[in-house]
Amino acid sequence: MKKQLVLVSLLSAATVTMFATSADAKTFDDKSEVGVQFKSDDPTVPGENKPYKDNLSLVWKPNSFEFGQQKAVAGIATFNNTVTGDQYLVVNDDRPTESTGAWTLSAKMSDLVSDATKLSGAKLTYTLEDAQSYDIGAVDPSTNDFTPSNPAEDKTVLGTLDPNAAITLGDNGSKNISLDAGSTTGKNIIAKTTANDVKGGVASKVTNVKLVVTDTKGAQAAGKSFTGSVTWTLDDLAN
């Protein structure tokens, strides 16, 4: 439900002169929407698959991808991510076995929707930077879990990935990812392809994020705000 924000100016009767109007004068009202949304401005935020201890978890993920207010145009249009700061994907493997099995992190994007209207022909594209190791630190005895540092803020937790880690990035060998809006099929983002004794974290920086749309003018998108989400799915293939 939309809320109306009424702006009231108080005028002193001693300083305001009211002019009479004719009896057949008409008054017309028009409205402009006023709204505000408050949310975290951190570009990278923690994942929700806790505890991190003895678990396979997506520890860090991009908070959001935002593309501002745009003019509806005919033909293909590309909009840049307006989020400032570094955005990372970090998977940590702390499963309590001597040899840990394969896993995959995949992604898919929902439809972009304004009320019941879908923004057709939209896709989210981005590039994955080379994989790095990620040091999640030591277990905090007060919580019996890790308190991980954000790689967007602390680059000392990043390092050179073990060449025996069997980590691959991207979909079909490409680190340039394209997610079609509304697709039910996920794209591989980060994967451990074989079981081995290499544990710890894997990080990839997400860069060059863009939203590509087709014919927003013809789709009657003007005046509408479209929202959706990216779902990150972490599959433990050992189970």
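How many bridges join strand β2 to β4, and which way do the two strands run? There are 4 bridges, and the strands run antiparallel. Keep in mind that this is a predicted model.

Let me stay with that pairing. Strand β2 covers residues 56-62. Its Leu58 has Val91 of β4 as bridge partner. On to the next pairing of β4. Strand β16, residues 200-214, is joined to β4 by 7 bridges. That pair is antiparallel too. Here Leu89 stands opposite Ser204 in β16. So β4 is bridged to β2 and to β16, given that two strands pair if DSSP finds at least two bridges between them.

How well is β4 covered? The strand spans residues 87-93, and 7 of its 7 residues are buried. Now split that by face. In a regular strand, side chains alternate between the two faces of the sheet. On one side of β4 sit Gln87, Leu89, Val91 and Asp93. On the other sit Tyr88, Val90 and Asn92. Both sets are buried.

Next, the rings. The count is 2 aromatic pairs. One of them is Phe65 with Tyr126. Their centres are 6.4 Å apart, with 20° between the planes, and the pair is stacked. In sequence, these partners are 61 residues apart. Phe65 lies in the loop between β2 and β3, while Tyr126 belongs to strand β8, residues 123-128. Are the two rings buried or exposed? Phe65 has 18% relative accessibility, so it counts as buried. Tyr126 is buried as well, because its relative accessible area is 2%. Trp232 joins in: ring pairs link Phe65, Tyr126 and Trp232 into a cluster.

Now the whole chain. The secondary structure comes to 17 strands and 0 helices. The chain has 239 residues, and 35% of them count as buried. Take contacts between residues at least 6 apart in sequence: 78% join residues at least 24 apart. The accessible surface is about 15200 Å², and carbon and sulfur atoms hold 49% of it.

Last, confidence. The chain averages a pLDDT of 83, and 80% of the residues score at least 70. Among the elements, strand β7, residues 117-118, has the lowest mean, 82. Strand β12, residues 158-159, has the highest, 98. Where does the pLDDT fall below 50? It does so over residues 1-21. Beyond near neighbours in sequence, that stretch has 4 contacts in the model.

How values were computed. Residues numbered from 1 in each chain as written. Heavy atoms only, no water. Buried < 20%, exposed > 50% of the residue type's maximum accessible area, 1.4 Å probe, protein only. pLDDT = per-residue confidence, 0-100. Contact = heavy atoms within 4.5 Å. Phe/Tyr/Trp six-rings, centres within 6.5 Å; stacked < 30°, edge-to-face > 60°. Areas by Shrake-Rupley, 256 points an atom, 1.4 Å probe, with all protein chains shown as cover.
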